[in-house]
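Here is a friendly walk through a protein model, written for someone who likes to check geometry against coordinates. Have the viewer open and follow along.

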Amino acid sequence: MDSSIVAAIITASGAIISAIIGKLPVPEKKDGKYKRNEETKRKRRQQYNTISILLLCATFGLTSHIINQSKIDPVVPPVTTQTIPIASTTSAPTAEPNVDPPYVLPGTIKSFGQYEQNDQEVDGAEDIEWLVLKQDGNKLLIISMLGLELRPYAQGSDTSDWENSSIRDWLNGTFYHTAFSDEEKDNILETKIIQHKNEDYPYCDQGNDTTDKVFLLSLWEYIEYMYNNGDIQSEYRNGTPSTHVANNRNVDLSNDKYSWWWLRTSSRYNTTACRVTAYGAQDSGYKDINTDNGMIRPAMWVDATWWNELP
């Protein structure tokens, strides 16, 4: 119980005692002195003591009762309850961090996929080396370092239409399924292939855009990402054949070292396709689409994060 309340009760009790005593009869006054009868004094003293004891007992009893009651049934202010979550043994899934894709410098070379290149089939296919040409967000445009095969652009066809060309069928069929594992295929991105205009032959019909995983560079892509790209060494533009290709009797080698390779852009009334010469110069209208000694340098877009994890 609050001490101020107890003090107030005792003070009030004292006031009551004083008031009662003040009401007691006062002895007569005679000659300036009090005349008291001994018996009267004794009776008054007894009355005073009795009243004081009763009042003090009552005060003590009342105070004790209030204090005990406050212990038994205290007044507790209302408490706002809050539910505390119990820790779970299973961690909740967290959001993926917002991480920028890894930067990959153009001109970087790594290997994945396998294709016969040393012309020794008994030892199996060799790893294919790829050259990074461009990064677009988490995508990388890459091209094979070597010419991997000799093939016509559009065998048995009269037009250099990429959409219906035999080389497109081979790249996305036989080559794709032969060269890559399932994991590698998952990281080769299916991409919209835009048929850029041939500025030297603007009247040529480049055909429809396509969606492919493997393709040839267009003339515009070659100029933009290889020929004018200072990060790409000039020798990488040259047509270096694999040993498998160099040993082919149909190969057209220059100085026994380099050969020309196909681009996918059509030219000259759609009966020829563009190419890159043996020493890296673009040729916008040279080779007939049925010529069978053009080298193939496959190109594709791949996942940059996956590429960055390759050895």
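Strand E4 (residues 126-136) and strand E5 (residues 139-144) run antiparallel and are joined by six bridges. One pair to look for is Gln135, whose bridge partner in E5 is Leu140. This is a predicted model, so please read every value here as computed from predicted coordinates.

E4 and E5 belong to an open sheet of five strands, ordered E3-E4-E5-E14-E7, with antiparallel pairing. Which strands stand at the edges? They are strand E3 (109-115) and strand E7 (188-189); each has a single partner strand, so one side of each has no neighbour in the sheet. Helix H3 packs on this sheet, where H3 touches E3, E4 and E7, and its direction makes about 95° with that of E3. Helix H5 (residues 219-227) lies across E4 and E5 and runs at about 90° to E4.

**The nonpolar core**

The largest nonpolar core has 57 residues, and those with the most contacts inside it are Phe112, Phe175 and Trp307. Helix H3 (residues 166-179) gives the most to this core, contributing six residues. Trp307 is a good place to centre the view: leaving aside neighbours within four places in sequence, its contacts include Phe112, Trp130, Val132, Leu140 and Ile142. Leu140 thus appears twice in this account, as the bridge partner of Gln135 and as a contact of Trp307. The list for Trp307 also takes in Val104, Thr108, Ile109, Lys110 and Val302.

Ser166 is found in helix H3 too. Is Ser166 buried, partly exposed or exposed? With a relative accessible area of 21%, Ser166 is partly exposed, because the buried class ends under 20%. Beyond neighbours within four places in sequence, Ser166 is in contact with Pro152, Tyr153, Ala154 and Gln155. Arg151 is 15 residues from Ser166 in sequence, and their C-alpha atoms are 9.1 Å apart.

**Two hairpins around E11**

Elsewhere in the chain, strand E11 (residues 272-276) is mostly covered, with five of its five residues buried. E11 pairs with strand E10 (residues 261-267) and with strand E12 (residues 282-288), as set out below.

| Pair | Sense and bridges | Opposite residues |
|---|---|---|
| E10 and E11 | antiparallel, four bridges | Trp261 and Val276 |
| E11 and E12 | antiparallel, four bridges | Arg275 and Asp283 |

E10 and E11 form a hairpin with four residues between them, and Arg268 in that turn has a positive phi of about 50°. In the hairpin of E11 and E12, five residues lie between the strands, and Gly280 in the turn has a positive phi of about 90°.

**Asn198 and its surroundings**

Where does Asn198 sit? It is in the loop between strand E8 (191-193) and strand E9 (210-212). Asn198 counts as buried because its relative accessibility is 0%. Two polar partners of its side chain are worth displaying. A polar atom of the Asn198 side chain lies 3.0 Å from the backbone nitrogen of Asp200, and a polar atom of that side chain lies 3.2 Å from the backbone oxygen of Ser284. Leaving aside neighbours within four places in sequence, Asn198 is in contact with Gln206, Leu219, Thr265, Ser266, Ser267, Cys274 and Ser284.

Ser284 is placed in strand E12, and its relative accessibility of 13% makes it count as buried. Its contacts beyond four places in sequence are Asn198, Asp200, Tyr201, Leu219, Ser267 and Cys274. Leu219, Ser267 and Cys274 are therefore found on the contact lists of both Asn198 and Ser284, where contact means heavy atoms within 4.5 Å.

**The whole chain, and where to be careful**

The secondary structure comes to eight helices and 14 strands. Of the 311 residues in the protein, 41% are buried. Among contacts between residues at least 6 apart in sequence, 67% join residues at least 24 apart.

How far does the predictor's confidence reach? The protein averages a pLDDT of 81, and 68% of the residues score at least 70. Over residues 15-36 the pLDDT stays under 50, and the model has 18 contacts beyond four places in sequence for them. Residues 70-97 also have a pLDDT below 50, with one contact beyond near neighbours in sequence in the model. Where pLDDT is low, the predicted coordinates should not be read in detail.

Key:
Residues are numbered from 1 along each chain as its sequence is written. This is a predicted model: local features need pLDDT of at least 70, side-chain atom pairs count only at pLDDT 80 or more; totals for chains, interfaces and linings use all residues. Side-chain values use heavy atoms; hydrogens and water are left out. A nonpolar core is a set of buried Ala, Val, Leu, Ile, Met, Phe, Trp, Tyr and Cys residues joined through side-chain atoms within 4.5 Å. Buried means under 20% relative accessible area, exposed over 50%, partly exposed in between (1.4 Å probe, protein chains only). A polar contact is a pair of N or O atoms within 3.5 Å; within protein, one must be able to donate a hydrogen and the other to accept it, and residues adjacent in sequence count only if both atoms are side-chain atoms. pLDDT is the predictor's confidence in each residue, from 0 to 100. Two strands pair if DSSP finds at least two bridges between them. Axes are lines fitted to C-alpha atoms, for helices over the stretch in contact, and angles run from 0 to 180 degrees between N-to-C directions.
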